[in-house]
Amino acid sequence: MRSAITICLVPEAASGPFVFHGDLDQGCHQAAALGFDGVEIFAPGPESLPADPVAAILRRHGLGLAALGSGAGFLKHKLSLTSADANVRLRARQFLKEMILAGGRLGAPVILGSMQGRHEGEVTRVQALDWLAEAVAELADVAGEMGQHFLVEPLNRYETNLLRTVDEALDLLGRVGRKNAKVLADLFHMNIEEASWAASVAKVGASLGHVHFADSNRRAMGLGHTDFKAVVGLLQGAGYQGYLSAEIFPLPDPVEAGRQTLKAFREATRDIPDR
Ligand code: LER
Ligand code: MN
């Protein structure tokens, strides 16, 4: 397993669960100085991820790109794959497609989290899940052409009423039938929604594509009450070899949150060959 830390380039998400904010080069400098293997970028959109300059920054700091968050499509542009408005749904797909192309050029997968939207008003749950399945199939195919996974993230009940558990995400992926569409397990959301770590991790198995490494209170791992060594052991047992990416609040400050994350990462992965 590899360690990653989040960098947010979206001013509207300044109070969000991201460790470094504002500047990619500066965030990468701090991530590399702490000893992370990679970074995850929460960007305003595809236009802010030009392949050559971004790849040069990552290379200069010796960092991998773990994933790209797409939530700015929702936060900044109010785009959702399940909006009642067909034009909004179309623009949401377009935004995600361009993010996937930008990610593909940088060798990283894109996350579908808050852009899944929610069912409300005239849109039934059945209708929203139909639209979501159709969009995920199309977007996974775009990702597949770039040799990438497409990451589908269940969120807690305060953020969506669509995919909230690993089971619900797996049901959707079963309908979609694309091998490169994978589940993103955010340990903060899972702490709220899942009945059992062991059952959920066992169930997701090889469909697990990425992990948001956050404690129960969304602070750095080790600062809440998650038994992270047990959880990482379960992930290892499921054969997971990807990133544990710290999508957490920068508390007490970004550097300390990063240090604590790496401390927990190292403790939890110490006995894992090649991590
Ligand atoms: C939002 O809570 C979250 O976990 C993000 O990763 C979704 O885009
Ligand atoms: Mn997350």
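An oxygen atom of ligand 1 lies 2.7 Å from an N or O atom in the side chain of E247. The protein buries 90% of the 260 Å² that ligand 1 exposes when taken alone. The model is predicted. E247 also serves as a donor of the manganese ion, ligand 2.

**Contacts of ligand 1**
- The side chain of E159 has an N or O atom 2.7 Å from an oxygen atom of ligand 1.
- H212 places a polar side-chain atom 3.4 Å from an oxygen atom of ligand 1.

**Surroundings of ligand 1**
- Ligand 1 sits in the largest pocket.
- The residues around ligand 1 are G113, S114, E153, L155, E159, D186, H189, H212, R218 and E247.
- By class, this shell holds 5 charged, 4 polar and 1 nonpolar residues.

**The manganese site**
- Which protein atoms are donors of the manganese ion (ligand 2)? They are E153 (OE), D186 (OD), H212 (ND1) and E247 (OE).
- These protein donors lie 2.1 to 2.2 Å from the manganese ion.
- Along the chain, the donors follow the spacing E-x32-D-x25-H-x34-E.
- The site has 6 donor atoms and is octahedral.
- Angles among the donor atoms run from 71 to 172°.
- Ideal angles for six octahedral donors are 90 or 180 degrees.

**Residues in both settings**
- E153 and D186 are around ligand 1, and both are donors of the manganese ion.
- H212 and E247 are also around ligand 1, and they too are donors of the manganese ion.

Terms used
Residues are numbered from 1 along each chain as its sequence is written. Chains are lettered from A and ligands numbered from 1 in the order in which they are written. This is a predicted model: local features need pLDDT of at least 70, side-chain atom pairs count only at pLDDT 80 or more; totals for chains, interfaces and linings use all residues. Side-chain values use heavy atoms; hydrogens and water are left out. A residue is near a molecule or strand if one of its heavy atoms lies within 4 Å of it. A polar contact is a pair of N or O atoms within 3.5 Å; within protein, one must be able to donate a hydrogen and the other to accept it, and residues adjacent in sequence count only if both atoms are side-chain atoms. Accessible areas come from the Shrake-Rupley method with a 1.4 Å probe; for residues, only the protein chains shown count as cover. On a 1 Å grid over the protein atoms alone, a cavity is a set of points where a 1.4 Å probe fits but cannot get out, and a pocket is an open set with protein on both sides within 12 Å along at least five of seven lines; lining residues have an atom within 4 Å of a point. A molecule sits in a cavity or pocket if more than half of its atoms lie within 2 Å of its grid points. Ala, Val, Leu, Ile, Met, Phe, Trp, Tyr, Cys and Pro count as nonpolar, Asp, Glu, Lys and Arg as charged, and the others, Gly among them, as polar. Donors are N, O and S atoms within 2.8 Å of the metal (3.2 Å for Na, K and Ca); water is not among the atoms, so sites may look incomplete. Four donors count as tetrahedral if all angles lie between 85 and 135 degrees; four count as square planar and six as octahedral if opposite donors are over 155 degrees apart and all others between 65 and 115; anything else is irregular.
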